[in-house]
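Visitor: Hello! Please give me a close look at a single part, the largest cavity and its lining.

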Amino acid sequence: MKSLVNPQDPFGMNWLGEHTEWGTVRAVDGITVSKGRKLGNNIIKEQYVFRNDTNREIFLREGDLAIYTPFRDSYEDVQTCLEERCHTHVWCGGEVSYVCALRMGDVEPHLGLCLTAGSLCSYSFEREGKRGVHDRGDLLLNVTPRVLKSEESICIEWVIFWHKGKHDFYKKLENFTNYVRVEADKYVLYEGETLHLRIKAMTPVLENEIYIERFYKPHTSVCRKHPWVDEGPAVFTMMKGIACIDQELSHCGEYEYRIRVGEVNTLCRVFVSPVLEELSAKRCAFIVNHQQYQKQGSHLNGAYLIYDNEEQQIFYQNSKEYNAGRERLGMGILLARYLQEHVNEEVAASLSGYLHFVTHELVNTSTGEVYGDAGCDNTRDSVETAPWAARFFMEIYRFSGNNEFLKMSMRIMHWYYDQGGAEHYAVAVPMSELIECLEKAGMRQDSLYLLGQFKEHADWLMENGVKYESEEHFDQKMAAAAANDLLELYAITGKKKCLEAAEDQLTVLELFGGRAPDHRLYETALRYGENRRVGKRQVYGDTLPNPSSVLTGMAYLKYARILEHEADPELDLVQKQFKRKAYAALRSPLSLFFEDGSAGCAYLYPYAVDGRPEQFTDPYANDQDWVLYFLQMYEES
């Protein structure tokens, strides 16, 4: 199958990738494959039979049997993406597996795939250098391995169907008799919180036909892998045909619930993190003790740098993603926020050294200019870094009470807008927080100036809408930045136009998040190339989770709080849904932080990309500390 186009599609999008033909199979020697395809009423049924034609057993490994299902999933120019590209959300949960493909512009129809026979254990991608950096690659669905006897077969069947969006997709899954709905109220919990897990089959089953085992894996450090520990059967109760698990999870780490309902096997994964205050304390201590460079006379003296958890040493490179500026400012901001609530002389002394570094190497304290790297290096465009630098000085002001730092924050914002900052999709612009600080400090003129600039910024965002005309490639951060800024401006000004424009951004932003019962996938922003830029491995692959998910969570929570104050009963359900999704997105990257205070910048989720194994946390601690900072801000407010 080389083309799949819905005749009612206004853009005539071909949903299939153009490099490898849909239905191509990968198999080991001794396996023969037969295929079948039937067309029905707006559906396609496909069957793939893998047969052992030898006279001996074949011991299959993960990835030995796979089926190419390439979707048109690439992140090119914005118009092409909104009309003719899709986000492909994949869940390989054994005998309950599916793909929810959503057009990036949310124009119906969308495409879905549901497994109806057989079992899938994971997915891979193949890129093979044939495509550009913005192409996710050809998707392969990996068949669950087992020992295949002579003349024995494995049958994989699925149905491909059209749907109207995420809600409609999951409703349609309930039409398949083998589907088991697995839902948790939270997929990322803090230590001591109670998990509420609900499991429902689409065909009636007796209580004795349900068996659930719980497995546990500690989460101690980036570079230490632990095996799954079998903790035995999980206790559940039956309520109106639903198996209910309500358990307090008291140990930090990953839990996997392996579920059998009748003849159907599937799973659910949740993660338990140390409570936020404890985790932040450990992370701050790790930064102070391991990630601050100390060498008198060096431009880098006092800088917080990347940490290589494998080599157990800091790393620096005069390049965009590995330097001493940009996202690395998040470490200083986290420490400044931490010190507002805690007295810690060691952290305060470290932050003082970092402040000296920033004011001498990264920021011109007279003009407010922000540089891209130490040594006042302005060889790279650093305009987008300015809001982060302004936020750093704002948090230093909040910690110290010294108005000079607030004035420094304002000088940076002046410089930012003088450089055309109002026409950027900037992340973490300190809007309401900075205005609040200025008002409290009696700096009324600065507050009015900033509000005026923010309004100009909002006008530009509203004019562009979801076209993102200034950007070369479509990206989750653009929609998240625009949604956050417009929601902030609505909260400040009350202008309905800002809210309406923000809702358009939220529509696009929601499509990046999936709903599979896995803490790395549920409401995590789909991003696939982060590790190529910021990680040590520098490989392609889905980074699930990734720090950018907090930007989505922030936008969702701001919107939920706006709806909460609308006092409209019809919006109550929407408000609750957005609040729940907000905390899921905010918490989803917490598995990037470990109990010893170490951290990794992303988790590579696929089984393999171009044959290289993934499923690991990248050993570089780089840009992930924004997660803890924003969690402190939004979970505590």
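Guide: Gladly! The helices and strands I name are DSSP runs numbered from the N terminus, a helix being H or I with at least four residues and a strand being E with at least two. This is a predicted model, where local features need pLDDT of at least 70 and side-chain atom pairs count only at pLDDT 80 or more, while totals for chains, interfaces and linings use all residues. Residues are numbered from 1 along each chain as its sequence is written, and side-chain values use heavy atoms, with hydrogens and water left out.

Now to the space itself. On a 1 Å grid over the protein atoms alone, a cavity is a set of points where a 1.4 Å probe fits but cannot get out, whereas a pocket is an open set with protein on both sides within 12 Å along at least five of seven lines; a lining residue has an atom within 4 Å of a point. Points are joined across faces, edges and corners, and a volume is the space filled by probe spheres set on them.

The structure holds 3 cavities of 30 Å³ or more, and the largest encloses about 150 Å³. Around this largest cavity stand 17 lining residues, with His89, Val90, Gly514, Arg515 and Leu521 nearest its centre. Strand E6 (86–93), strand E7 (96–103) and helix H2 (166–173) each supply at least two residues of this lining, and E6 gives the most, with 3. By class, the lining has 10 nonpolar, 4 polar and 3 charged residues; here Ala, Val, Leu, Ile, Met, Phe, Trp, Tyr, Cys and Pro count as nonpolar, Asp, Glu, Lys and Arg as charged, and the others, Gly among them, as polar.

For comparison, the second largest cavity has a volume of about 90 Å³. Its 15 lining residues include Ala428, Asn484, Asp485, Met554 and Lys558, which lie nearest its centre. H10 and H13 are the elements giving two or more residues to that lining, and H10 provides the largest share, 5 residues. The classes here are 9 nonpolar, 1 polar and 5 charged.

Finally, the largest pocket holds about 1300 Å³. Of its 42 lining residues, Asp475, Lys477, Arg527, Glu530 and Arg533 are the closest to its centre. Helices H10 (476–493) and H13 (549–564) are among the elements supplying at least two residues of the pocket lining, which comprises 18 nonpolar, 7 polar and 17 charged residues.
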